[in-house]
Amino acid sequence: MSHAIALYNRQCLREIEAAAAAASGDPFALMQRAGLAAWHYLLAYWPQAHRVVVACGPGNNGGDGYVLALHALQCGRQVTVVQLGEPRGHLALRACAGYQSAGGVVTRSLDAISHAGIVVDALFGIGLTRVPDSEASSVIEAINASPAAVFSIDVPSGVDADTGNVPGIGVRATCTLQFIAPHCGLQTGGAIDFCGRLDVDSLGVMLEHVSPTAHAVHADALVDWLQPRQRNTHKGTNGHVLCIGGDSSSGGAIMLCADAALRSGAGLVSVATRAAHIAALLAHRPEVMAAGIEDADALTPLIDRADIVAIGPGLGQVAWGVGMFEAATAGQKQLVIDADGLNLIAQHPRALPESTILTPHPGEAGRLLGIATSAVQADRFSAACTLAERYKCVVVLKGAGTIVAAPDHPPCVIAAGNPGMAVGGMGDVLTGVIAALRAQGLDPFNAACCGALLHAAAGDAAALDDGERGLLPSDLLTHLRRLSNPLPIGATF
């Protein structure tokens, strides 16, 4: 994935930082670079801000804040440092001393925050993994109550840089400048609502000797997977997807799945559903080969003809759905499993065919793991990777910052999508998209990554039409077709 962005956890970043400090011969030099980079960033976005308030914690993140405060002071700004405890460690002490020796003001009073033109959050950085204590919480509350823009240095304080979890109160930043490299936790889960605009300054540090913890992909990465088709291609070349689901009163789910598979480029799409849904399905989408299946034994010929089976949308958990699921998972056919298919696995765990793709939302992931939804959300990377290892398959953990995990692969975070996609039926569309890409020849991990990205990017494109609220899964379909045909770099009409 040439467009993938490498993400790192705190252990990697600390190793990189230690190596860079040792190579420079002066560990304080890296802190000086960080503070200067943060000051330049502030100037770029808030050049007219005159009253600068910097909330400094006791560690090295606070040291970066003192360096920024010194630069602001030297540039004639009115600067106040709100101090959360005395500096600890020789680097933070040195930075604080430099600021104060230049005449910098330090206070413990929170009143300064309410009168700031810009508030800089330099309380904790990457090190905090616990709930902030009462004193820190009071500072964070004052920052969040301020009408001024908030600039977080490295990580919004209160956010876990590895997991994205916000276990207590957290700073709600307008912008966050990450140092050295992007942090994996800021791309997913609760962190997304706290970071604001995310940027990175490498501080001139090289990353070549440390492997990334994960990767992130934006919509521009679609060209890595979706190449122009050969002129002599035919429907068989592009695969046959069988969509199974749609028990009584749930026919719309399997229709959405089939629609998405067609719009994402599958050559053939069949649907096995309740007979009562066939007339509506064919009236809506005559391109689908629809079969009314009331007995699981009748499913076998359809499975045999398909390349990929997508099962779960509208499946239900009673006799009909259970029979369909048992028939679909009995052989070694490639599977994409969603919705009630996942719930049936949670009720009766089983070995799954090789290369299966599971697409749980956090609640379904919790049921599969036997833990609470909140525990899944507290560490989405761990939940996705544990599921992948347990079932020896690819897992697409849906939600803000969808995570794709597989054994022996660094996780991939989907840096696209929007809150308008939080509506019933979106997962059915995703199932069809992934199944179609799998049918067209992408391996399971890449089909899951590309499918989740294509789905999210289509949601973003659809939201541009009329806004996020009221967005429907069917609104994605025309955008799926357009986005699944990205122009190669340098191509023109």
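## Packing around helix H11

The buried residues of helix H11 are in contact (heavy atoms within 4.5 Å) with strand E10 (240-244), strand E11 (268-273), helix H10 (300-305), strand E13 (308-311), strand E14 (334-337) and helix H12 (340-347). Helices (H or I, at least four residues) and strands (E, at least two) are DSSP runs, numbered from the N terminus.

Within H11 (residues 319-329), the buried residues (under 20% relative accessible area, 1.4 Å probe, protein chains only) are Trp320, Gly321, Met324, Phe325, Ala328 and Thr329. They lie on the same side of H11 because they cover an arc of only 145 degrees around the axis, taken from the directions from the helix axis to the C-beta atoms.

## Basis of the model

This is a predicted model, in which local features need pLDDT of at least 70 and side-chain atom pairs count only at pLDDT 80 or more, while totals for chains, interfaces and linings use all residues. Residues are numbered from 1 along each chain as its sequence is written, and side-chain values use heavy atoms, without hydrogens and water.

## The sheet

Eleven strands form an open sheet with mixed pairing, in the order E1-E9-E18-E17-E16-E15-E14-E13-E10-E11-E12. Two strands pair if DSSP finds at least two bridges between them. Strand E1 (5-7) and strand E12 (289-292) are the edge strands, each pairing on one side only.

Strand E15 (residues 357-358) pairs with strand E16 (residues 394-397) in the parallel sense over two bridges. Opposite Val395 in E16 stands Leu358.

Methods
Buried means under 20% relative accessible area, exposed over 50%, partly exposed in between (1.4 Å probe, protein chains only).
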